[in-house]
Amino acid sequence: MARYRGVRGVRNFQKEARELWRFTIGLGAVCCILMIVAAALFFLTRDRTDGAYTVPVWVENDTEDNIFPVSAYAWADDDLPPVIPLYWGAGVFFDTADNKIILPDDVQVAHVWYNYLHYIYTIQFEGIDLPLRNIPLMRYGTLPMYIRQEGDSISFRTRRGAFVRYDTGYVQIFDPREEYRTIVIIDPGHGGVDTGAPSVHGQNAPSESAIVLNIVLNLLDIFDDPEILLVPTRTTDIFIYNDDRYRLANGLGDYFISIHANADGVSRLSQGTLTLYGTADGSHELAYLLQNEIVSALGSQNRGIHYMPELRILRGSDIPVALLELLFMSNPQDAARLADPAIQGLIAETLASAITALPPAR
């Protein structure tokens, strides 16, 4: 049989494959460079609203976490109009001097609700029809506030460090760092489907998450230092990811205190109080203060303070952070004390005293 090799002879398929692969890689690299250049040009030339007051803008989608202003009526601080009419509600204005939304006299707040990341004020209007579901307002990126339409109502919502207060005739956004010398994030551990350590006394006894929530609610109720703001990560039995806890602390707080109860899966004899601390400067001092105050108040065994950077909530915090392990849920005596409302009240009072003694962080 004759062997026909063609005009070009035997083809080197491996060499051709390598050349094709190099061409593909080169083309891909060129496309990536062009995309990066296009993105850079977009961000350099688009309307920038960070640090400026804004009125209704187009948003990329209707999720609360991803508001993205593309164009807006915006002013720098030095030429900001004193009052901006908000056209989505007749007779509603934005007072730029005081960061207030001025409402008509006949508008009433229908519902006020707070959770660990939102302040939400729901206002009832007649026949309201917003052009968009989410509308950013006021200092986008610094003190973010936005509006969300839900049926015939709108909600004023704030996130990432912006707080809102309501009074008759207006809703006002403010920065708590300008009004308080110290902001302490108080975190009742666990919550929701994560009940924490069960009590050694059985299912009818309160779990760790219920106990630490009661302690924090007591603390919020009795705390009265006008220069210190306590911000809880939760005030109800809800589940919160650890990342959300320390992100709230990093975005707003000066100190971060997480409240827990301990457990030993091997022995019921383990008892006492210990405190864990993280990598941020000042964490050791915070843990030392809390540990000594709690041990002194409860008369519990002092198990000391321990550096524990492997814990996500401690490693992720950029501010002084301490995690209190009050007593052992696995120890019959400790668990009984934790379930006692009087002991919970004593712990809340001790925490209030310790927080008041914290040095100013700013």
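# Exercises on packing and salt bridges

At 23% relative accessibility, Arg 181 is partly exposed. The structure is a predicted model. Keep both points in mind for the first exercise.

## Exercise 1: a bridge between two loops

Task: State which residue Arg 181 meets in a salt bridge, and where the two partners lie.

Solution.

Step 1. Find the partner. The side chain of Arg 181 meets that of Glu 227 in a salt bridge, at 3.2 Å from N to O. A cut-off of 4 Å applies to such a pair.

Step 2. Place both residues. Arg 181 sits in the loop between strand 12 (170–174) and strand 13, and Glu 227 in the loop between helix 2 and strand 14, so the pair ties together parts that are 46 residues apart in sequence.

Step 3. Check accessibility. Glu 227 has a relative accessible area of 45% and is partly exposed. Arg 181 is partly exposed too, at 23%.

## Exercise 2: the bridges of Asp 243

Task: Name the salt-bridge partners found for Asp 243, and separate the local pair from the distant one.

Solution.

Step 1. Take Arg 247. Its salt bridge with Asp 243 has its closest N and O atoms 3.8 Å apart. Both residues belong to helix 3 (residues 242–252), 4 residues apart, or about one turn of the helix.

Step 2. Take Arg 312. Here the closest N and O atoms of the salt bridge with Asp 243 are 2.4 Å apart. This pair links distant parts of the chain, with Asp 243 in helix 3 and Arg 312 in helix 5 (residues 312–315), 69 residues apart.

Step 3. Sort by accessibility. Asp 243 counts as buried at 16%, because the limit is under 20%. Arg 312 counts as partly exposed at 42%.

Step 4. Widen the view. Salt bridges that share partners also join Arg 177, Asp 254 and Arg 362 into one network. The count for the model comes to 6 salt bridges.

## Exercise 3: helix 4 against helix 7

Task: Describe the crossing of helix 4 and helix 7, then classify the contact residues.

Solution.

Step 1. Get the geometry. The axes of helix 4 (residues 283–298) and helix 7 (residues 341–356) come within 10 Å and cross at roughly 145°. The crossing is right-handed.

Step 2. List the contact. Helix 4 contributes Leu 289, Leu 290, Glu 293, Ile 294, Ala 297 and Leu 298. Helix 7 contributes Ile 343, Leu 346, Ile 347, Thr 350, Leu 351 and Ala 354.

Step 3. Classify. The contact has 10 nonpolar residues, 1 polar and 1 charged.

## Exercise 4: the nonpolar cores

Task: Identify the element that gives the most to the largest nonpolar core, and follow one of its residues.

Solution.

Step 1. Size the core. It holds 35 residues, of which Val 184, Leu 219, Ile 347, Leu 351 and Ile 355 touch the most other members.

Step 2. Assign elements. Those giving two or more residues include strand 13 (182–188), helix 2 (208–222), strand 15 (255–262) and helix 4. Helix 7 gives the most, with 7 residues.

Step 3. Follow Ile 347. Leaving out residues up to four places away in sequence, Ile 347 touches Ile 215, Ile 294, Leu 298, Leu 326 and Leu 338.

Step 4. Look beyond this core. A second, separate core of 16 residues includes Ala 249, Leu 276, Ile 319 and Val 321.

## Exercise 5: Leu 252

Task: Decide whether Leu 252 is buried or exposed, and relate Leu 252 to Pro 176.

Solution.

Step 1. Locate Leu 252: helix 3. Its relative accessible area is 3%, so Leu 252 is buried.

Step 2. Compare the separations. Leu 252 and Pro 176 are 76 residues apart in sequence, and 8.5 Å apart in space from C-alpha to C-alpha.

Notes:
Residues numbered from 1 in each chain as written. Predicted model: local features only at pLDDT ≥ 70, side-chain atom pairs only at ≥ 80, totals over all residues. Heavy atoms only, no water. Axes fitted to C-alpha atoms, helices over the stretch in contact; angles between N-to-C directions. Left-handed = near helix turned anticlockwise from the far one by under 90°. Contact = heavy atoms within 4.5 Å. Nonpolar A, V, L, I, M, F, W, Y, C, P; charged D, E, K, R; others polar. Core = buried A, V, L, I, M, F, W, Y, C linked by side-chain atoms within 4.5 Å. Buried < 20%, exposed > 50% of the residue type's maximum accessible area, 1.4 Å probe, protein only.
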